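The exercises below are to be worked with the sequence and the coordinates at hand. Each task is followed by a solution in steps.

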Amino acid sequence: MQDSMTDTMIEVQENVAMVSPSGGHPFQKTAYFLRPIVPSFIDEPPAEISRCFTSLPSGSQPKKLELEFRGWRLDHTNLKTWVEHLAPTYQGVWKSAGLYDAIFNSMCEIRKKKDLVLGLGEKWCCETNTFIFAWGEATVTLEDVMILGGFSVLGDSVLSPLESREMREVGKRLEVARKGFQDSRKAWRVASTDLWMKEFMNSGSDLEHEAFLVFWLSRYIFHDGRDCVNKAVFSIAVRLARGVRIALAPAVLANIYRDLCLLKRTIVASNEFKVVIKSPFHLIQVWAWERFLELRPRPKGIGNAEPRMARWDKVFGLNVGELRSILDSAKEGFLWRPYAMTIENWKLPNYFSEKEKWVVISPDMNDDELLSFSICLRVNELFGFGTTQQYHPHRVALQFGYDQDIPAFGAPLKHNTYEMLYIPSLCSEADASVRYLKWWKESMAGVKHRGMSPKKKAKEAVDEIDVVAIPCIHSTKNAVDFVQVSAARDVHGGNDSLVPPGFPQKRYRLQNGDPMEDDGLTISESLRIRKKHKTVETREGSDSQKLSADHDNILASSTADEYSVNTMTSERHEKDIARGKALTWGSKKGKRKLRKVHSKFKSEMNKAAAPSDDMVSIFGDDGPSKTFPFEEHEQEPERSSDSSSVEEPECAHNSSSCGKKVLELKYRVSRLEKIIELLKSRF
């Protein structure tokens, strides 16, 4: 036996950098991960969620859909009557077959909250079969279907045929009865469940028990969308009636996953406004009530021997305003293990242990609950009627009490006859690896970008452009010509993106002396880019500080009115620049002041042909930001309007040399304008 226990669903790693799901400082611990996970030697795995998850545009209103829940029934009167009639005789058989709780759960009235179902549908990812929230992944698992729905994960497949001759004969008799109820007056000629119930309930027929199970399966579990007797459930009903255990939970969950994908596709589609849900979708709503504290109404108490679903019977859901906000901010208000909490009159499953332990799992073990739990942890395929869905519990390991690492896509795990399973303690707190947290943040960055409108997406891309700079010339003797333009590609993915979605893009800069293209742009065109990129900045030259009056006139006259370019007219402001300070811009007050300065400069420049040492600086944020921080500087006393307001530059006595510099600056400013206009045209 020891030789066959070489493979396990659990991967143990020592001294792993971990962090609590609710946040905090990293720490080291021995971690227990559910396989498969990305190997630890891969530092930056691709953020596949950003590629497969379809997010709605931010700010969009919830789509108004017509939802029709065929498998979510509220009319239980006839079912209760029939159950009360058969339970004294067949409840032992129901318990042996593992459907006793499932039958009684079907009689609970779970009142619909369609907005909650739609909100969860928006978060569904059809590739991973999980809900994608801002703080992590979660999903409905086999454990949820087993505990909330009462369905078994053990037993034969729902698709298994009848083996014995006696079972096949009973199946044929049920088929004959179904054909007898087909209404010839209807175009689709089907046997309704109402006619079926009236024929067999309290009839004393030797087929009444099988007929009841056909009715229950057709109407509440595997609804085919037409409210008729489902021929596909005959073989299931015949075996259940004989106490044969059937694994209903995987088939039920497969149908729920199928309908969640249908709901998500309908939400995303622009021309679809109605969706028919056939699976028992009330499990989705109860799953949310069990886990989201802000969405949970006050539950009822559970009576003796009642299933857990009874605490939500006839309970009204809460009316919440910003459902999206609640779902995305529920990091600390989400219960990862609600079934580990003690509830009066509800018995905890055996796999909730007071102490952590290792156990041997084998098909012939006597503990059905522990064996069921091991199946809930295994990556597998779920087979329903007409659908096959992928089951990925390793993506939501925290829901089972295990630590979370970066999940890997892979084939279903090989099932061993014997294998070791680590059982976490009831009170243990699972954590996430630091690399998982990094990977998740990168994934969410890509998801956020994909969900943006084209206009907002363009603005986000703009924030990745670093710096566009022109020099401050201190003297004409050793002025440094320096123009720096930094460009970045779309970091979130595109035809020319060279990195995986969600990972930071390397930036590329055009250094001093590099050729600059697009010489045909106008000043007004180039200025619009400043608004787009918010990255234009004047930086201090190595030896130069002052800018000529001609250069000042060019920039100030073309930009001050429209974009509040900072105009500095004092030596004090020049010293501020050397200390890294920036003038206020963007406010109304600042704009009025700059317009005044611009008007004054225009007037003075008509009087003075010589350039000035006043400086015009354009500043931009170094990082992506939606708004500019404003810092007011002390105001210089207003100067008189005489000619003394314009200081004589050092180059006034050498007009030829200074004129050269002015022409050179004009040329570079012209190029800068062209770059700005080119970038603006892309929006």
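At 1% relative accessibility, D144 counts as buried (under 20% relative accessible area; exposed is over 50%, partly exposed in between; 1.4 Å probe, protein chains only). The model is predicted, so local features need pLDDT of at least 70 and side-chain atom pairs pLDDT 80 or more, while totals for chains, interfaces and linings use all residues. Residues are numbered from 1 along each chain as its sequence is written, and side-chain values use heavy atoms, with hydrogens and water left out.

**Exercise 1. Surroundings of D144**

Task: place D144 in its helix and list its polar contacts and its other neighbours.

Solution.
- Step 1. The element is helix α5, residues 142-148. Helices (H or I, at least four residues) and strands (E, at least two) are DSSP runs, numbered from the N terminus.
- Step 2. Apply the polar-contact rule: a pair of N or O atoms within 3.5 Å; within protein, one must be able to donate a hydrogen and the other to accept it, and residues adjacent in sequence count only if both atoms are side-chain atoms. The D144 side chain reaches the backbone nitrogen of T141 at 2.8 Å. A second polar contact, of 3.4 Å, is with the side chain of W287.
- Step 3. Contact means heavy atoms within 4.5 Å. Leaving out residues up to four places away in sequence, D144 touches T139, G149, W287, R291, Y339 and Q399.

**Exercise 2. Nonpolar cores**

Task: which residues touch the most other members of the largest nonpolar core?

Solution.
- Step 1. A nonpolar core is a set of buried Ala, Val, Leu, Ile, Met, Phe, Trp, Tyr and Cys residues joined through side-chain atoms within 4.5 Å.
- Step 2. The largest such core has 129 residues, and W216 and Y402 touch the most other members. Helix α10 (residues 248-268) supplies the largest share, 12 residues.
- Step 3. For W216, the neighbours beyond four places in sequence are L79, L99, A102, I103, S106, F151, I221 and L248.
- Step 4. Apart from the largest core lies another, of 11 residues, including V38, Y436, W439 and W440.

**Exercise 3. The buried side of α7**

Task: why do the buried residues of α7 lie on the same side of the helix?

Solution.
- Step 1. In α7 (residues 193-200), the buried residues are T193, W196, M197 and F200.
- Step 2. These residues lie on the same side of α7 because they cover an arc of only 95° around the axis. The arc is that of the directions from the helix axis to the C-beta atoms.
- Step 3. The general rule is that an α-helix has 3.6 residues a turn, so residues three or four places apart point the same way.
- Step 4. The cover over the buried residues of α7 includes α2 (77-97), α6 (165-180) and α8 (208-221).
- Step 5. Just after α7, N202 has a positive phi of about 60°.

**Exercise 4. Backbone exceptions**

Task: where is the cis peptide bond, and where do N15 and N345 with their positive phi values lie?

Solution.
- Step 1. The cis bond joins R35 and P36, with omega about 0°. P36 is in the loop between β2 (27-34) and α1 (49-52).
- Step 2. N15 is not a glycine, yet its phi is positive, about 55°. N15 sits in strand β1 (residues 10-19) and is exposed at 57% relative accessibility.
- Step 3. N345, also a residue other than glycine, has phi near 70°. Its loop runs between α12 (323-328) and β8 (357-361), and N345 is partly exposed at 41% relative accessible area.

**Exercise 5. Strand pairing**

Task: what is the strand order of the open three-stranded sheet, and in which sense do β8 and β11 pair?

Solution.
- Step 1. Two strands pair if DSSP finds at least two bridges between them.
- Step 2. The order is β4-β5-β6, with antiparallel pairing. The edge strands, each pairing on one side only, are β4 (124-125) and β6 (136-138).
- Step 3. Three bridges join β5 (residues 130-133) to β6, and I132 stands opposite E137 in β6.
- Step 4. β8 and β11 pair antiparallel over five bridges. W358 stands opposite Y422 in β11. In β11 (residues 419-423), four of the five residues are buried.
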